[in-house]
Amino acid sequence: MTIILENINKSFNGQKILNNLNVEIEDGRCYAFVGPKGSGKTTALKIFMGLEKPDEGKVARMGDYKYPTLQTSYVSQEGQLNLKKSAIWNVKKAHRFASKGRAIEELSRFLLADKMECPVGELEAVEQKLVELVKALFLPSDFIVVDNLFEGMNDDLQKKVLDYLLEIKGSRPLLIAQESEEGLDFAKKIRL
């Protein structure tokens, strides 16, 4: 299946954020929306996912698909965790069939046991982002979308997270938004 963003235009408060954006998102491929802060990366991702409507242009599906709607595993830059609950609780809450054991297994790739048990609000920003990633990937989905995921991570952690993403993604498309092209050699770049 291919998702096409065709001649996408979007403005906020009279300022044009996206100007005739054209992108084809294909199964199994990785895409990196790259540009400075305010260039429209998050807006493009939200339009792709159907969370935002373009002022002009269209989003179309081409090819075989089984379901009337598509599901996205989304790691937002704003965060979508319950900060008063533990990392285990947040991940387990992602899907009704998720087990505590599997949540612990996936979180242990990035967090020590004591960090998994404390309220997420007590974790560092990077650790919260890792919990958000594990939670998002617990959901059955057709696409993986991560927004500004690598901010604040050192090179070793960024590589570990990227390896995890590429291992988990399978044949699903992966869309990444970040300001820098650094470390994105595996992805097709869409410069905004």
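A residue is taken as buried when its relative accessible area is under 20%. In this predicted model, that cut-off bears directly on strand β7, where L174, I176 and Q178 on one side and L175 and A177 on the other are all buried, so that both faces of the strand are covered. In a regular strand the side chains alternate between the two faces of the sheet. Counted by residue, five of the five residues of β7 are buried, and the strand is accordingly described as mostly covered.

The confidence assigned by the predictor gives the setting for what follows. The protein chain averages a pLDDT of 92, and 97% of the residues score at least 70. Among the elements of the chain, strand β3 has the highest mean pLDDT, at 97, whereas strand β4, which spans residues 56-62, has the lowest, at 89.

Strand β7 belongs to an open sheet of five strands, arranged in the order β5-β6-β7-β3-β8 with parallel pairing. The edges of this sheet are held by β5 (72-75) and β8 (188-191), each of which has a single partner strand, so one side of each is left without a neighbour in the sheet. From one strand to the next, the twist averages 15°. Strands of a sheet pair through backbone hydrogen bonds, either parallel or antiparallel. In the present case, strand β3 (residues 30-34) and strand β7 (residues 174-178) pair in the parallel sense over five bridges, and C30 stands opposite L174 in β7. Helix α1, made up of residues 41-49, packs on the sheet and touches β3, β5, β6 (143-147) and β7, with its direction at about 160° to that of β6. On the side of β6, four bridges join that strand to β7, the two running parallel, and D147 stands opposite A177 in β7.

Helix α1 is itself mostly covered, since eight of its nine residues count as buried under the 20% cut-off. The buried residues of the helix are K41, T42, T43, A44, L45, I47, F48 and M49. Just after the helix, G50 takes a positive phi of about 85°.

Aromatic side chains provide further links within the chain, and the count of aromatic pairs comes to two. In one of these pairs, the rings of F48 and F143 have their centres 5.0 Å apart and their planes at 90°, so the pair is edge-to-face. The two residues lie in distant parts of the chain, F48 in helix α1 and F143 in strand β6, and are 95 residues apart. F48 counts as buried because its relative accessibility is 9%, and F143 is likewise buried, with a relative accessible area of 4%. The rings of F110 and Y164 have their centres 5.1 Å apart and their planes at 85°, so that pair too is edge-to-face. Here F110 lies in the loop between α3 (100-107) and α4 (113-117), while Y164 lies in helix α6 (residues 155-169), the two being 54 residues apart and in distant parts of the chain. With a relative accessible area of 15%, F110 is buried, and Y164, at 3% relative accessibility, counts as buried as well.

Helix α6 also holds Q158, which counts as buried because its relative accessibility is 14%. When neighbours within four places in sequence are left aside, Q158 is in contact with F150, M153, E182 and G183.

A buried lysine is found in strand β1 (residues 2-12), where K10 has its place; this residue counts as buried because its relative accessibility is 8%. The side chain of K10 reaches the backbone oxygen of K53 at 2.8 Å. Residues up to four places away in sequence not being counted, K10 touches Q15, K16, I17, L18, T43, I47, E52, K53, P54 and D55. Among these contacts of K10 are T43 and I47, both of which are listed with the buried residues of helix α1.

How values were computed: Residues are numbered from 1 along each chain as its sequence is written. This is a predicted model: local features need pLDDT of at least 70, side-chain atom pairs count only at pLDDT 80 or more; totals for chains, interfaces and linings use all residues. Side-chain values use heavy atoms; hydrogens and water are left out. Buried means under 20% relative accessible area, exposed over 50%, partly exposed in between (1.4 Å probe, protein chains only). A polar contact is a pair of N or O atoms within 3.5 Å; within protein, one must be able to donate a hydrogen and the other to accept it, and residues adjacent in sequence count only if both atoms are side-chain atoms. Contact means heavy atoms within 4.5 Å. Two strands pair if DSSP finds at least two bridges between them. Axes are lines fitted to C-alpha atoms, for helices over the stretch in contact, and angles run from 0 to 180 degrees between N-to-C directions. pLDDT is the predictor's confidence in each residue, from 0 to 100. Rings of Phe, Tyr and Trp (its six-membered ring) pair if their centres lie within 6.5 Å; planes under 30 degrees apart count as stacked, over 60 as edge-to-face and the rest as tilted.
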